[in-house]
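Reader: I have a fold to look over before lunch. Can you walk me through it?

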Amino acid sequence: MPAPTPRRTWRQAPRAVPDGLPERLGRLGRTAVMGICNVTPDSFSDGGRHLQLAAALDHCDRMLAEGADLIDVGGESTRPGAGRVSRDEEWRRIGPLIKELVARGVVVSVDTMRAAVAAAAARAGAAIVNDVSGGQSDPDLLAVVAESGRPVILGHWRGHSAGMDGLDRYGDVVAEVAAELLGQVDKAVAAGVRPELIVLDPGLGFAKTGASNWPLLAHLDALGELGFPLLVGASRKRFLEPVRGPDPALAALGPAGRDHATAALTALSAAAGVWCVRVHAVAANAAAVRVAEALSQAGRGVGSAEIGLAGGETGPTDRDSTGLAFTDEQNRGMIA
Ligand code: PMM
């Protein structure tokens with residue numbers, strides 16, 4: 001007998017963009033580019049580089065100039081094997097940067113698994129809460145998010161970094177990730193989060209060591225069918241090492257040598273209609289998003305002037321197809 005379909009307490013039309021975003025971001029009309037600023041000594045790619053406020057701000061300024069639409073600020077590394085930091089240390093690292101970015105009018109998301117840090121960041125003006133554990137790590141986080149009224153990114157996660165590689169056990173990774181994400185959506189909604197504020201993230205690299213990541217990227221359409229906007233966080237991750245290209249100079253760069261492969265995935269993810277990509281190397285990924293946008297528009301017969309191929313932004317659009325063409329009014333377009 002087939003398993004009964006779970007009864008859901010929430011219902012919503014498919015969305016490509018969450019509610020509750022600052023105006024600028026809500027009306028983007030293309031995949032958003034989230035630049036990463038980890039204020040940690042030990043993140044796998046940028047650990048130790050942005051511990052001083054001035055260095056972190058320089059980095060954020062550069063990412064914004066290169067085309068970042070928002071900045072994701074994190075104070076706790078989630079690289080495989082990483083240990084936890086204390087709540088106070090996490091906030092000590094990121095609080096000043098969040099406050100300064102908000103004061104400059106930058107859209108900030110806070111990358112945290114802790115309710116207290118999410119609450120402090122929201123009070124400081126962070127616009128989005130990004131929890132790689134999807135609300136699992138800290139049982140109070142979802143209520144804090146509900147109270148804040150902020151959009152929330154729920155990542156697929158099976159356990160903390162110290163032991164997550166051992167949790168890479170799937171029969172059908174796409175089906176299991178989808179089901180586990182929906183379980184977290186249920187908990188979020190039960191905690192009072194409006195479904196329209198939820199973004200889902202397949203959690204690339206989290207309890208997924210290598211091959212498990214690819215089916216998730218190959219089936220973004222299936223994840224999109226869950227009805228929520230998607231975020232893809234593939235940037236520089238280990239599973240890209242085999243596809244980074246043969247140039248030994250890339251190998252010598254370490255994780256940054258995976259930037260070309262990341263940008264290729266960004267173009268494909270944008271073409272698939274994801275709401276946001278979370279990236280380290282903003283310039284290349286911002287270009288990748290625009291390539292996907294130009295192709296999508298050309299495919300629908302939009303002329304090059306309107307596409308903005310001369311180099312400018314396209315500005316707000318009233319495009320009415322699915323995929324990349326998502327606007328506030330037409331937030332029904334899901335995965336192309
Ligand atoms: N990955 C990392 C950290 N935060 N947030 C989301 N939503 N999705 C991710 O895939 C994700 C994340 C780990 O990468 P980093 O050390 O480069 O920040």
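**Sheet, helices and core**

Author: β5 and β6 pair in the parallel sense, over four bridges. One of the matched pairs is Ile 153 with its bridge partner Val 199 in β6. The chain gets from β5 to β6 through α6, and that β-α-β crossover is right-handed. Keep in mind that this is a predicted model.

Reader: What pairs with β5 in the parallel sense over three bridges?

Author: Strand β4, residues 128-131, pairs that way with β5, residues 152-155. Val 129 has Val 152 as its bridge partner in β5, and Asp 131 stands opposite Leu 154. Helix α6, residues 173-190, packs on the sheet and touches β5 and β6, with its direction at about 140° to that of β5.

Reader: And which helix makes a unit with β4 and β5?

Author: Helix α5, residues 141-148; together they make a right-handed β-α-β unit.

Reader: Are the faces of β5 covered or open?

Author: Both are covered. Val 152 and Leu 154 are buried on one side, Ile 153 and Gly 155 on the other. In a regular strand the side chains alternate between the two faces of the sheet.

Reader: Step back a bit. What is the order of the strands in the sheet?

Author: The order is β6-β5-β4-β3-β2-β1-β8-β7, eight strands in an open sheet with parallel pairing. β6 and β7 are at the edges with a single partner strand each, so one side of each has no neighbour in the sheet. Helix α2, residues 53-65, packs on the sheet too, touching β1 (32-38) and β2 (70-74), and its direction makes about 165° with that of β1.

Reader: How many helices does the chain have, and how much of the chain is buried?

Author: There are 12 helices alongside the eight strands. Of the 336 residues, 49% are buried. Among contacts with a separation of 6 or more, 68% are between residues 24 or more positions apart.

Reader: Which residues have the most contacts inside the largest nonpolar core?

Author: Val 108 and Ala 118, in a core of 92 residues. Not counting neighbours within four places in sequence, Ala 118 is in contact with Val 110, Thr 112, Val 129, Leu 141, Val 144 and Val 145.

Reader: Different topic: α10. Why is it described as largely enclosed?

Author: Because 10 of its 13 residues are buried, α10 is largely enclosed by the rest of the structure. Those buried include Asp 259, Thr 262, Leu 265 and Ser 269.

Reader: What covers the buried residues of α10?

Author: The cover includes α7, α8 (220-224), β7, β8 (276-279) and α11 (282-299).

Reader: How far does α10 reach from its first C-alpha to its last?

Author: It spans residues 259-271 and reaches 18 Å, close to the 18 Å expected at 1.5 Å a residue. Just after α10, Gly 273 takes a positive phi of about 95°.

Reader: Which residue other than glycine has a positive phi near 55°?

Author: That is Ala 207, placed in the loop between β6 (198-201) and α7 (213-218). Arg 236 also has a positive phi, near 60°. Arg 236 lies in the loop between β7 (231-232) and α9 (248-252).

Reader: Is Ala 207 buried or exposed? And why does Arg 236 count as it does?

Author: Ala 207 is buried, with 23 other C-beta atoms within 10 Å. The cut-off for buried is 20 or more. Arg 236 has 25 C-beta neighbours inside 10 Å, so Arg 236 counts as buried.

How values were computed: Residues are numbered from 1 along each chain as its sequence is written. This is a predicted model: local features need pLDDT of at least 70, side-chain atom pairs count only at pLDDT 80 or more; totals for chains, interfaces and linings use all residues. A nonpolar core is a set of buried Ala, Val, Leu, Ile, Met, Phe, Trp, Tyr and Cys residues joined through C-beta atoms within 7 Å. A residue is buried if 20 or more other C-beta atoms lie within 10 Å of its own, exposed if 12 or fewer, and partly exposed in between; C-beta atoms are placed from the backbone. Two residues are in contact if their C-beta atoms, placed from the backbone, lie within 7 Å. Helices (H or I, at least four residues) and strands (E, at least two) are DSSP runs, numbered from the N terminus. Two strands pair if DSSP finds at least two bridges between them. Axes are lines fitted to C-alpha atoms, for helices over the stretch in contact, and angles run from 0 to 180 degrees between N-to-C directions. The expected span of a helix is 1.5 Å times one less than its number of residues. A crossover is right-handed if, with the strands pointing away from the viewer, the path from the first strand over the helix to the second runs clockwise.
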